[in-house]
Amino acid sequence: MKLKNLTILVVALFSLNAYAHDEVPGQIAISKVTELGVHRIERLVTLKKIDDTFRTALVAMKVERSTENGAVYKVYGYEAPGADGSASVLTLWMDVDGKTLSYTVTPGAAPANPAQWPDKDAVSLFEDGLHFVLEGWVQHPEVKSFYTGLQSIAMNQIQDAQGQILAQLKVTSDDDAKTLTITLKSDGTLVSYDIK
Amino acid sequence: MGRLTVLLLIIFGTGVGCNSYVQKQRSNPIMPPSSFKASELNFSTVYSQVLRPSCIGCHGSSGGVNLESYASVKVEISKIYESTIVQRKMPKAPTESLRDEQLGLLNAWIEAGAPQDSGTGEAPMPQLEPTFDSIKSQILEVKCLSCHAPGKPVARVPLVTREDLLNSPLDIVVPGSAEESGIIIAVTNQDPKKRMPPAKDKLGNDTGYSPLSEDEIRIISLWITNGAKD
């Protein structure tokens with residue numbers, strides 16, 4: 001009887017572990033959708049369908065679930081604000097696999113004082129930050145809630161004690177009350193991360 | 001004293017013997033037998049079985065040792081033997097080590113004098129054609145799959161199957177539109193940091209990967225323009 005109970009317990013524990021993460025079976029993680037959104041921004045710029053400032057002056061992205069336009073996700077990309085405080089916004093409607101179905105640009109003023117990046121451009125730095133979320137949670141389990149529930153990611157430029165330019169990306173999540181801060185060098189390599 | 005001398009002699013003798021064995025192994029490495037007949041030992045076979053899948057990705061036109069032609073390979077034959085057969089240093093990661101049959105073939109061909117042809121009408125050098133199979137064997141396997149495959153550094157963007165290319169949310173291939181296809185955008189990117197295959201790795205070291213040639217880009221574009229059906 002004891003062995004039977006123990007067997008049931010072990011099976012139950014393994015079953016729980018199999019569903020330990022909060023992803024919906026058959027759907028990609030929302031952080032992956034955001035990463036695909038970044039790639040789509042770069043593609044639209046390359047194809048000259050949207051302005052190059054979305055590549056160089058991207059400062060934030062937001063993602064949410066949606067049923068508009070036949071989509072499953074809606075991703076927003078924000079440029080740095082213009083002199084009047086307004087900013088251009090790119091909206092992407094994406095399907096369950098993260099494929100873009102449609103997009104639109106809500107124009108704002110041209111970025112007034114966008115950060116100048118000496119090595120990789122802004123969109124590439126967003127990509128590197130999101131790669132850390134997508135892949136880093138395996139080695140750093142505390143990052144997982146940002147992998148499963150990413151809500152927004154915003155980037156600003158800072159300098160270290162030696163005056164070296166760094167990218168600081170702040171990530172929020174529906175699955176975590178805290179904020180993940182990822183710090184990258186301007187070539188995209190990881191410097192540090194913390195969750196507060 | 002007598003016992004100590006004997007012990008020292010034994011230790012010394014063992015050391016000399018081991019070193020001699022290691023040197024002998026290095027100069028006469030144990031080679032897997034080649035399954036190819038002598039009449040099949042020619043450059044075309046070695047190129048298709050060994051050089052193209054395992055070497056050309058790095059040793060193309062990148063500026064280092066070029067192994068794309070018989071003439072350039074013949075000039076480097078001693079170095080190839082030393083680095084590949086004797087020291088087993090090549091190919092370097094992320095390219096996988098040569099399989100036994102590749103080692104056997106390469107060794108047999110070099111020992112036969114590295115002939116260009118075998119005098120029996122060997123198979124012609126493979127031509128690149130606008131089909132997925134041809135593009136995969138002559139481009140993707142050579143320059144892409146060491147990273148873009150399951151278990152590899154960029155497994156999140158696999159390029160192994162035709163479905164990987166056609167069904168990717170990254171629009172790697174947009175049938176009918178080469179200019180909108182991610183693969184063409186990537187291999188023709190004017191930004192050296194974004195061009196594929198990358199010239200430098202994350203640490204800034206040269207990868208040795210050659211950019212795609214104009215002909216390779218043209219063939220992939222043609223395949224896509226034709227609908228990427230096969």
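How many bridges join S1(A) to S5(A), and in which sense do the two strands run? Three features of the answer deserve attention in turn: the pairing itself, the sheet to which the pair belongs, and the helices that pack on that sheet. The model under discussion is a predicted one.

S1(A) and S5(A) run antiparallel and are joined by 3 bridges. Within this pairing, A:Ala60 has A:Ala154 of S5(A) as its bridge partner. Strands of a sheet pair through backbone hydrogen bonds, in either a parallel or an antiparallel manner.

The pair belongs to an open sheet of 8 strands in chain A, whose order is S4-S3-S2-S1-S5-S6-S7-S8 and whose pairing is antiparallel. At the edges stand strand S4 (100–106) and strand S8 (190–195) of chain A, each of which pairs on one side only. From one strand to the next, the twist averages 15°.

The reader may now follow the sheet from S5(A) towards S8(A). S5(A) and S6(A) run antiparallel and are joined by 9 bridges. One of the residues involved is A:Gln159, whose bridge partner in S6(A) is A:Ile165. These two strands form a hairpin with 5 residues between them, and in this hairpin A:Gly163 takes a positive phi near 80°. At the edge of the sheet, strand S7 (residues 176–185) of chain A pairs with S8(A) over 5 bridges, again in the antiparallel sense. Here A:Leu180 stands opposite A:Ile195 in S8(A).

Two helices of chain A may be placed against these strands. Helix H2 (residues 30–46) of chain A packs on the sheet and touches strand S1 (58–65), strand S2 (73–79), strand S3 (89–94), S4 and strand S5 (150–159) of chain A. The direction of H2(A) makes about 130° with that of S1(A). Helix H4 (residues 122–139) of chain A lies across S1, S5, strand S6 (165–173), S7 and S8 of chain A. With respect to S5(A), H4(A) runs at about 125°. S1 and S5 of chain A thus appear among the strands touched by H2(A) and among those that H4(A) lies across.

Attention now passes to chain B. Chain B has 9 helices and 0 strands, and from the N terminus on its elements run α-α-α-α-α-α-α-α-α. Of the 230 residues in chain B, buried residues make up 27%. Among contacts in chain B between residues at least 6 apart in sequence, 62% join residues at least 24 apart.

One pair of helices in chain B can be described in detail. The axes of helix H2 (residues 43–54) of chain B and helix H5 (residues 100–111) of chain B come within 10 Å and cross at roughly 120°. H2(B) and H5(B) are therefore oblique to each other, and H2(B) passes H5(B) in a left-handed crossing. On the side of H2(B), the residues that meet the other helix are B:Val46, B:Gln49, B:Val50 and B:Ser54; on the side of H5(B), they are B:Gln102, B:Leu105, B:Leu106 and B:Trp109. By class, this contact has 5 nonpolar, 3 polar and no charged residues.

The loops of chain B hold several backbone features. In the loop between helix H4 (77–86) and H5 of chain B is found B:Pro91, which a cis peptide bond joins to B:Met90, with omega about 0°. A further cis peptide bond runs from B:Met196 to B:Pro197, with omega near -10°. B:Pro197 has its place in the loop between helix H8 (182–187) and helix H9 (214–225) of chain B.

Two residues other than glycine call for mention on account of their phi values. B:Ala114, in the loop between H5 and helix H6 (132–143) of chain B, has a positive phi near 50°. Is B:Ala114 buried or partly exposed? B:Ala114 is partly exposed, because 18 other C-beta atoms lie within 10 Å. B:Asp171 lies in the loop between helix H7 (162–167) and H8 of chain B, and its phi, also positive, is near 50°. B:Asp171 is buried, because 20 other C-beta atoms lie within 10 Å.

Finally, the two chains touch each other. The contact takes 8 residues from chain B and 10 residues from chain A. On the side of chain B that touches chain A, the residues divide into 3 nonpolar, 1 polar and 4 charged.

Methods
Residues numbered from 1 in each chain as written. Chains lettered and ligands numbered in written order. Predicted model: local features only at pLDDT ≥ 70, side-chain atom pairs only at ≥ 80, totals over all residues. Pairing = 2+ DSSP bridges. Helix = DSSP H or I, 4+ residues; strand = E, 2+ residues; numbered from the N terminus. Axes fitted to C-alpha atoms, helices over the stretch in contact; angles between N-to-C directions. Contact = placed C-beta atoms within 7 Å. Parallel < 35°, antiparallel > 145°, perpendicular 65-115°, else oblique. Left-handed = near helix turned anticlockwise from the far one by under 90°. Nonpolar A, V, L, I, M, F, W, Y, C, P; charged D, E, K, R; others polar. Buried ≥ 20, exposed ≤ 12 C-beta atoms within 10 Å, placed from the backbone.
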